[in-house]
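This note collects comments on the structure shown below. The points are numbered so that each may be taken up separately.

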Amino acid sequence: METMNIALPQSMKQYVQSRVDEGGYGSVSEYVRELIHADRKRRVEERVDALLIEGLDSGEPIAVTAEYWERKKQRLIERLNQADAPR
């Protein structure tokens, strides 16, 4: 595992240490790793939300049925076969 040093004002250092002590973390590093993990998760959720909104705003809705998925699957198989075909 790599090491990274950070500089914090005294007030932030005290806050982090209190979170470690109160939150049952084994170390400051464990607390910071959890913060980074939570930030990554939040960013992924924001991206999913943005994609969902983009999808909702993309036009008229279509019915997604078993037949739709079968046609979609067949078209993808055809595209893959065309890409693999010798030229």
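1. Is Glu46 buried, partly exposed or exposed? Glu46 has a relative accessible area of 42% and is therefore partly exposed. The value lies in the band between the cut-offs, since buried means under 20% and exposed means over 50%. The reader should bear in mind throughout that the model is a predicted one.

2. Glu46 shares a salt bridge with Arg42, in which the N to O distance is 2.6 Å. Both residues belong to helix H2, where they stand four residues apart, about one turn of the helix. Arg42, like its partner, is to be read as partly exposed, because its relative accessibility is 38%.

3. Arg42 also takes part in a second contact of this kind: Asp39 forms a salt bridge with Arg42, and their closest N and O atoms are 2.4 Å apart. Asp39 and Arg42 are three residues apart in helix H2, so about one helical turn separates them. Asp39 has a relative accessible area of 32% and is therefore partly exposed. Taken together, Asp39, Arg42 and Glu46 form a linked network of salt bridges.

4. How many salt bridges does the count give? The count comes to three. One of them joins the side chains of Arg19 and Glu22, with an N to O distance of 3.9 Å. That value should be read against the criterion, which asks for a nitrogen of Lys or Arg within 4 Å of a carboxyl oxygen of Asp or Glu. Arg19 and Glu22 both lie in helix H1, three residues apart, which is about one turn of the helix.

5. The accessibility of the Arg19 and Glu22 pair deserves a separate remark. Arg19 has a relative accessible area of 26% and so is partly exposed. Glu22, by contrast, reaches 62% and is therefore exposed.

6. The largest pocket encloses about 570 Å³ of space. It is lined by 16 residues, of which Met4, Ile6, Val28, Ser29 and Val32 are the closest to its centre. By class, the lining divides into ten nonpolar, three polar and three charged residues.

7. Which helix supplies the largest share of the lining of the largest pocket? Helix H2 does, with seven residues. Helix H1, spanning 10-23, and helix H2, spanning 28-56, each supply at least two residues of this lining.

8. Met4 and Ile6 appear again at the surface: together with Leu8 and Met12 they make a nonpolar patch of about 440 Å². Leu8 is located in the segment before H1. With a relative accessibility of 35%, Leu8 is partly exposed, and a residue must have over 30% relative accessible area to enter a patch, so Leu8 satisfies that condition.

9. Two further residues of helix H2 may be set side by side. Tyr31 is found in H2; its relative accessible area is 7%, and it is therefore buried. Leu52 is likewise found in H2, but its relative accessibility is 52%, so Leu52 counts as exposed.

10. For readers who wish to check distances in the model, two C-alpha separations are given. Tyr31 and Gln10 are 21 residues apart along the chain, with 17 Å between their C-alpha atoms. For Leu52 and Gln82, which are 30 residues apart along the chain, the corresponding separation is 31 Å.

Notes: Residues are numbered from 1 along each chain as its sequence is written. This is a predicted model: local features need pLDDT of at least 70, side-chain atom pairs count only at pLDDT 80 or more; totals for chains, interfaces and linings use all residues. Side-chain values use heavy atoms; hydrogens and water are left out. On a 1 Å grid over the protein atoms alone, a cavity is a set of points where a 1.4 Å probe fits but cannot get out, and a pocket is an open set with protein on both sides within 12 Å along at least five of seven lines; lining residues have an atom within 4 Å of a point. Grid points are joined across faces, edges and corners, and a volume is the space filled by probe spheres set on the points. Ala, Val, Leu, Ile, Met, Phe, Trp, Tyr, Cys and Pro count as nonpolar, Asp, Glu, Lys and Arg as charged, and the others, Gly among them, as polar. Patches are made of residues with over 30% relative accessible area and no salt bridge: like charges are joined within 9 Å, nonpolar side chains (Val, Leu, Ile, Met, Phe, Trp, Tyr) within 5 Å. Accessible areas come from the Shrake-Rupley method with a 1.4 Å probe; for residues, only the protein chains shown count as cover. Buried means under 20% relative accessible area, exposed over 50%, partly exposed in between (1.4 Å probe, protein chains only).
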